[in-house]
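Here is a short report on one protein model, written with a computational chemist in mind. Please have a look at the structure first, and then let us start with its aromatic rings.

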Amino acid sequence: MNLKEKLKLLLKETVFDLVNKDFVKISSKLIEELTIEDIKEELNYWGTLTIPPDLAYENINYIEYNYGEGYAMEFELWIDNKESDLTLSCEAIIDQSDNGLSFSITNLHVL
């Protein structure tokens, strides 16, 4: 499995946790500036988060950092079984052997 496939799995797990409102798992992935209250507040403006079809994960926007130390990722979440403008932003830091060192949620916003 290549690095982007590994990152896709981490993203899918995170989306699953958001859909299931598993805020304990989500809180462990938040950057310091972002809180569970921020996530809950943003989600209150929308319908019901739903699991995207597997095909939707082909549309992850990967942005590689300049020195190859990781990726920023953008993914449009699904609301009421439809793709929305609500975007989950994440970051994965990796080592030189392409092993994940950390995976975090950096933002939940409209893009």
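The structure holds 2 aromatic pairs. Rings of Phe, Tyr and Trp (its six-membered ring) pair if their centres lie within 6.5 Å; planes under 30 degrees apart count as stacked, over 60 as edge-to-face and the rest as tilted.

| Pair | Geometry | Centre to centre | Angle between planes |
|---|---|---|---|
| Y57 and F75 | stacked | 4.7 Å | 5 degrees |
| Y62 and Y71 | edge-to-face | 6.1 Å | 80 degrees |

The pair of Y57 and F75 links distant parts of the chain, 18 residues apart: Y57 sits in the loop between β1 (49–50) and β2 (61–64), while F75 belongs to strand β3 (residues 70–79). Are these rings buried or exposed? Y57 counts as buried because its relative accessibility is 4%, and F75 is buried with a relative accessible area of 2%. Y62 and Y71 are both buried too. Here buried means under 20% relative accessible area, exposed over 50%, and partly exposed in between (1.4 Å probe, protein chains only).

A word on the source: this is a predicted model, where local features need pLDDT of at least 70 and side-chain atom pairs count only at pLDDT 80 or more, while totals for chains, interfaces and linings use all residues. Residues are numbered from 1 along each chain as its sequence is written, and side-chain values use heavy atoms, with hydrogens and water left out.

Now for the overall fold. The protein has 3 helices and 5 strands, in the order α-α-α-β-β-β-β-β along the sequence. Helices (H or I, at least four residues) and strands (E, at least two) are DSSP runs, numbered from the N terminus. The radius of gyration is 14 Å, which agrees with the value near 13 Å for a compact globule of 111 residues; it is taken over C-alpha atoms, and the globule rule is 2.2 Å times the number of residues to the power 0.38. The C-alpha trace spans about 40 × 30 × 25 Å along its principal axes. Of the 111 residues, 42% count as buried.

Finally, helix α1 (residues 3–19) has 17 residues and reaches 24 Å from its first C-alpha to its last, close to the expected 24 Å; that expected span is 1.5 Å times one less than the number of residues. Its buried residues include L3, L7, L11 and L18. At the N-terminal end, N2 caps α1, with a side-chain oxygen 3.1 Å from the backbone nitrogen of K4. After α1 comes K21, whose phi is positive, near 55 degrees.

Key
Polar contact = N/O pair within 3.5 Å; in protein donor to acceptor, adjacent residues only side chain to side chain.
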